[in-house]
Amino acid sequence: MSLSYVSTRGKAPELAFADVLLEGLATDGGLYVPEQWPVLPGASAGPPPLDYARTAVDVMWPFVNGQIDRAAFEALTAEAYATFDHPDVAPLVPLDEDRGLWLMELFHGPTLAFKDIALQLVGRLFDHELARRGERVTIVGATSGDTGSAAIEACRDRDSLDIFVLHPRGRVSDVQRRQMTTVPSANVHNIALDGSFDDCQDLVKAMFADEAFRGRHRLAAVNSINFARVMAQVVYYVVAARALAGEGAAPPVGFAVPTGNFGNVYAGYAAHRMGLDVSQFVVGSNVNDILTRFFDSARLEIRRVMPTMSPSMDIQVSSNLERLLFELNGRDGAATAALLGGFRAAGVAELPPGPAAGLAPLWSGARVDEAQTLEVIGDTYHRTGMMIDPHTAVGVGAAAAARRDPEVPLVVLATAHPAKFPDAVARACGRRPALPERLADLGERPERCVELDNDLAAVQRFVAAHTRVGGDR
Ligand SMILES: *Cc1c(COP(=O)(O)O)cnc(C)c1O
């Protein structure tokens, strides 16, 4: 029997995994979550902790059981994690062993950021399911830098997918642009838009809102609200806990997570609900601190987004928080819909005292500003010789500020390779981080990218002319 997935707003049909994978958002505007949490396989019976792909199959199997053939799932998972540079995929390294502080490096994938861990698998799952159905889709997305390259690497060369990524021209870093535009695959299309990231996002939304266009070209997204991405991220929490046990550290464990859309840390919460013994989640934010204020006060209040050194966390509304609110509300979809409706309308919302009482035992938030971020990068380098990127530094700073029990080991998730943000790292360390060997010639590779005006019709014409899905040619 397949596991059912329900919407956080309680009004969309229940779906099985394959449909959740392809649909993304529920028809009532909510996000899909499993109807009940599967139980993690016992640690003693499992594979050795560092066999990442095998652990991944064991942890994820209950989510997909009945929807995909086991051998096919094993093959896709093995392929996805074979693209990583490190044999452990996500190695756990000591940050300060005396104080029980660890880093889990999630940045050894093709594009050097943690999004590869989910997207390398999800791209393959999409392709597999579409091939099974004999269908094709057109992926469209907007990026301010990181997500675009991870999505492109996940979708390149897949027969059932074409991918179009819009980025704001001249406003992403050189490394970020080249990671997208130097991919030579015929199904990859980069659009440098004459506009801001918000303009890019508005055009993508407008394309989805154009029902005729959306239907004709079967538009789809691989964004962070897709439950398949959450599922893939549960794995490294389990791997971290098992690796710690291998180091002789008894449970429980705490995690500190640099957070934007709340997808990463929510996957940790899912692992906890599945039985992983976690005593604390520290949610790290940069100066865009709506989550810090939420975990302090149970009150959500929007403010303007400020640009920072950790751009993947420059977010005011963390979409995956809805999944936690649903749990805190006792899985009451109507209450969750009302809370979010009020938030959208007024820009503020308050969690009632009952559900709010669920926050304190497990959750803390901490804000790390720009000066503190540089200080943490410099300090970490001078103490350990390790360079960490600004997102990871927010996690390390948050861990120091909000850790509750010094006896409980704390794992900070390192979400990007330092060479992805070389300027900030060089400023703090006085030395520039080097790209890994396989990307050393990135600056010399030929780029493929079209420049378009901030004009919906122009972008739609380009997509229609270059996708293999639809009737325009
Ligand atoms: C996306 C991203 C984050 C934020 O992760 P969420 O799942 O959105 O909370 C943090 N760091 C880096 C480097 C990222 O790319």
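Which polar backbone atom is 2.9 Å from an oxygen atom of the ligand? Let's start there, friends: the backbone atom belongs to N264. Before going on, please keep in mind that everything I show today comes from a predicted model.

So, the ligand. There are 15 residues around it, and the closest are K115, G260, N261, N264 and T415. We have just met N264, with its backbone 2.9 Å from a ligand oxygen. G260 also uses a polar backbone atom, which is 2.7 Å from an oxygen atom of the ligand. With T415 we turn to a side chain: an N or O atom there is 2.8 Å from a nitrogen atom of the ligand. How much of the ligand does the protein bury? On its own the ligand would expose 380 Å², and 97% of that is buried by the protein. As for the kinds of residues in the shell, five are nonpolar, eight are polar and two are charged.

Now let's follow N264 into its helix. N264 is one of the buried residues of α10, a helix that spans residues 263-273. Nine of the 11 residues in α10 are buried, so this helix is mostly covered. Besides N264, the buried set is G263, V265, Y266, A267, G268, Y269, A270 and A271. After the helix comes G275, and its phi is positive, near 120°.

Next, please find helix α6, residues 174-181. Why do we call α6 largely enclosed by the rest of the structure? Because six of its eight residues are buried. Those residues are V175, Q176, R178, Q179, M180 and T181. And what covers them? The cover includes helix α5 (146-155) along with strands β6 (161-168) and β7 (188-194).

My last stop is a single residue, F326, which sits in helix α12, residues 321-328. Is F326 buried or exposed? Its relative accessibility is 3%, under the 20% cut-off, so F326 counts as buried. If we set aside neighbours within four places in sequence, F326 is in contact with V6, S7, T8, V33, R331, D332, G333 and T336. Take T336 from that list: T336 and F326 are 10 residues apart along the chain, and their C-alpha atoms are separated by 5.6 Å.

To recap, we saw a ligand with 97% of its exposed area buried by the protein, a mostly covered helix α10 that includes N264 among its buried residues, a largely enclosed α6, and a buried F326 in α12. Thanks for listening!

Methods:
Residues are numbered from 1 along each chain as its sequence is written. This is a predicted model: local features need pLDDT of at least 70, side-chain atom pairs count only at pLDDT 80 or more; totals for chains, interfaces and linings use all residues. Side-chain values use heavy atoms; hydrogens and water are left out. A residue is near a molecule or strand if one of its heavy atoms lies within 4 Å of it. A polar contact is a pair of N or O atoms within 3.5 Å; within protein, one must be able to donate a hydrogen and the other to accept it, and residues adjacent in sequence count only if both atoms are side-chain atoms. Accessible areas come from the Shrake-Rupley method with a 1.4 Å probe; for residues, only the protein chains shown count as cover. Ala, Val, Leu, Ile, Met, Phe, Trp, Tyr, Cys and Pro count as nonpolar, Asp, Glu, Lys and Arg as charged, and the others, Gly among them, as polar. Buried means under 20% relative accessible area, exposed over 50%, partly exposed in between (1.4 Å probe, protein chains only). Helices (H or I, at least four residues) and strands (E, at least two) are DSSP runs, numbered from the N terminus. Contact means heavy atoms within 4.5 Å.
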